[in-house]
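Biologist: Before we discuss any pair of side chains, could we agree on the terms and then work through the model one question at a time?

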Amino acid sequence: MATQRKKIISGALFFLIFFGAGLSVQAASLYFSPATGSFSVGRDFGVSVYVSSSDRSMNAVSGGISFPADKFEVKSLSKSGSIINLWVQEPSFSNTLGAIDFEGVVLNPGFLGSSGKVLTVNFRAKKEGTVPLIFSSSSVLANDGLGTNILTSLGTANYSVNGSQSAPKIRPAIKKIAANAPAAPVIVSSTHPDSNKWYSKNTAKFNWKTPKDIIATRLLLDEKPNSKPAIYYARAITQKTIGDLEDGILYFHSQLKNAAGWGSVAHFKIKIDTEDPHSLRIDFIEDRQTFDPSPAVFFSALDAVSGVAYYKISIDGNKPVKINSEISQNKPLNLPAQKPGEHTLFVEVYDRAGNSTAVSEEFVILEIDEPIITSCPSELKGGEKLVIEGETYPNSIVSVWLENRDGEIFLQQIKSGSDGLFALVWEDKVAKGIYKLWAGVTDEKGAESGATEKLMISVETTPMINYLTLSIILLILVLSIILNVYYKFYILKNTIRKEIKNVDKNIRKVFKILNHNIITHIKYLKKSKNKAELKEKRKEALKAMQKNFKDAEKLLKAEIKNIRKDLE
């Protein structure tokens with residue numbers, strides 16, 4: 001029975017130890033790396049601050065670090081390789097107080113892991129002794145929307161500073177170069193011409209000129225800047241191509257030999273990065289659906305070899321804009337103002353060797369509320385002004401469109417007051433016809449609304465004759481009357497002249513007849529022999545004269561009648 005009881009107790013303890021360990025919750029911690037070290041006075045070295053949060057995603061970290069200001073001083077703070085996307089408080093330090101402060105945010109979905117670098121502190125050792133580093137204040141917040149502090153442990157660090165190395169260093173004896181030995185060759189590279197630039201090619205070609213007296217060559221490619229070549233070529237060569245090179249900074253070394261011996265060594269640096277940047281992320285500070293036409297975004301990427309150089313961003317396939325990595329590293333970027341609707345943000349990141357990678361994200365700009373038109377006439381009479389009144393957002397630009405039957409659209413704008421009210425008086429006279437009117441608004445941030453419903457307006461105009469037109473018409477009428485009178489007078493003058501001519505002709509004719517009758521009567525009187533014959537001749541002459549007088553009277557009356565008619 002005792003043996004069985006021991007087995008049960010042992011099994012229970014095994015269950016609690018084994019399974020209980022699996023049920024324990026690991027929270028977040030902050031620590032230094034390296035946590036120990038020994039440095040001489042005057043030496044510079046770096047200490048990185050890391051966060052560990054293996055079981056819960058964290059999205060914010062803050063802290064203060066204390067150090068002995070008499071033994072250490074901070075030369076600089078580096079954010080290179082940090083998991084922090086947005087610095088709420090830029091890392092800062094005080095060598096007088098011996099303090100370092102930082103506070104940053106890891107954007108959604110946060111960080112989950114055991115070694116998330118926060119920042120690196122570059123120290124310089126000032127004085128001998130033991131130097132501790134401690135966290136004076138700190139917090140790690142969970143990515144749970146509640147800001148839960150999940151920090152449960154803080155690391156410490158201890159370093160020792162030794163006295164400066166005053167003893168002379170033992171250097172290997174330098175072998176003297178013979179007086180007539182060849183000079184160091186001048187190395188050039190057609191694949192990696194600039195030693196200060198990064199290149200994505202991992203095959204390098206080197207060239208140099210060789211004098212005629214060269215009898216051997218030594219070459220080497222390694223990671224050290226001043227190595228002595230060791231690969232021997234029993235002939236004079238002038239170029240070397242090396243492929244499948246590792247990423248990083250490499251040095252090509254070349255040395256020539258003539259009859260006098262080996263000459264000086266030439267060194268040529270190349271920088272190679274064949275890997276694309278990675279971990280490119282686009283994080284919208286607000287939701288991907290927003291009323292803000294210029295949403296703030298943060299984008300970040302990592303590149304372990306040459307480092308991130310710049311980003312290119314474009315929206316909806318438009319011309320990309322280049323953004324320097326330093327500009328986008330610490331603060332969000334506001335996109336150019338966009339129209340309401342769905343958009344695509346395309347971000348491409350380049351490292352210093354020209355390698356790139358890209359991602360894209362969709363976002364939506366929402367429409368703000370359209371303005372409310374409170375007053376708009378449905379009919380206008382001739383000469384009346386078109387006045388539109390309404391209300392909208394304060395200090396916003398209200399756009400009013402007017403479309404006629406021919407499809408022509410006219411636009412006028414006005415700014416609303418601080419109370420949001422507006423009243424627009426159409427500047428131009430609106431011609432007769434049927435129109436459609438609608439409005440939209442753009443607020444102070446540049447956010448735009450949709451259009452209001454279209455309203456119908458009927459415009460009836462009456463013809464109006466201005467004073468100039470009326471004066472011209474009156475002048476034309478007066479001139480017409482004058483010309484008509486002159487014309488009639490001219491016609492009348494010609495007619496009277498013609499009638500007078502006819503009267504003159506007829507009078508002459510009458511007097512001619514009368515004169516003939518008188519002459520004939522005198523002839524009859526002279527030829528009469530007695531009174532009876534004279535009496536008879538006189539009667540005949542008088543009768544003829546009477547008839548002629550009646551004919552003349554009739555003719556003259558007719559002429560006078562014609563003249564009166566013309567005068568009338």
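Modeller: Let us start with a definition: a residue is called buried under 20% relative accessible area, exposed over 50%, and partly exposed in between. Please keep in mind throughout that this is a predicted model.

Biologist: With those cut-offs, is E90 buried, partly exposed or exposed?

Modeller: The relative accessibility computed for E90 is 38%. Partly exposed covers the range between under 20% and over 50%, and therefore E90 counts as partly exposed.

Biologist: Which residue does E90 meet in a salt bridge?

Modeller: The side chain of E90, which belongs to strand β5 (residues 86–94), takes part in a salt bridge with an N to O distance of 2.9 Å. Its partner sits in the loop between β4 (72–78) and β5, 11 residues apart from E90, and the pair links distant parts of the chain. That partner counts as buried, at 18% relative accessibility. The residue is K79.

Biologist: How many residues apart in sequence are the parts that D44 and R124 tie together?

Modeller: The side chains of D44 and R124 meet in a salt bridge, at 2.6 Å from N to O. Because D44 lies in strand β3 (residues 44–66) and R124 in strand β7 (residues 111–125), the pair ties together parts whose separation in sequence is 80 residues.

Biologist: Is R124 buried, partly exposed or exposed?

Modeller: Its salt-bridge partner D44 has a relative accessibility of 40% and counts as partly exposed. For R124 the relative accessible area is 28%, and since a buried residue would have to be under 20% and an exposed one over 50%, R124 is partly exposed.

Biologist: In the salt bridge that K71 forms with D70, how far apart are the closest N and O atoms?

Modeller: K71 is buried, with 17% relative accessible area, whereas D70, with 40%, is partly exposed. A salt bridge requires the side-chain nitrogen within 4 Å of a carboxyl oxygen, and the closest N and O atoms of K71 and D70 are apart by 3.4 Å.

Biologist: Turning to the whole chain, what share of the contacts between residues at least 6 apart in sequence joins residues at least 24 apart?

Modeller: The protein chain contains 4 helices and 34 strands, and 34% of its 568 residues count as buried. Of the contacts between residues at least 6 apart in sequence, the share that joins residues at least 24 apart is 68%.

Note on methods. Residues numbered from 1 in each chain as written. Predicted model: local features only at pLDDT ≥ 70, side-chain atom pairs only at ≥ 80, totals over all residues. Heavy atoms only, no water. Helix = DSSP H or I, 4+ residues; strand = E, 2+ residues; numbered from the N terminus. Buried < 20%, exposed > 50% of the residue type's maximum accessible area, 1.4 Å probe, protein only. Contact = heavy atoms within 4.5 Å.
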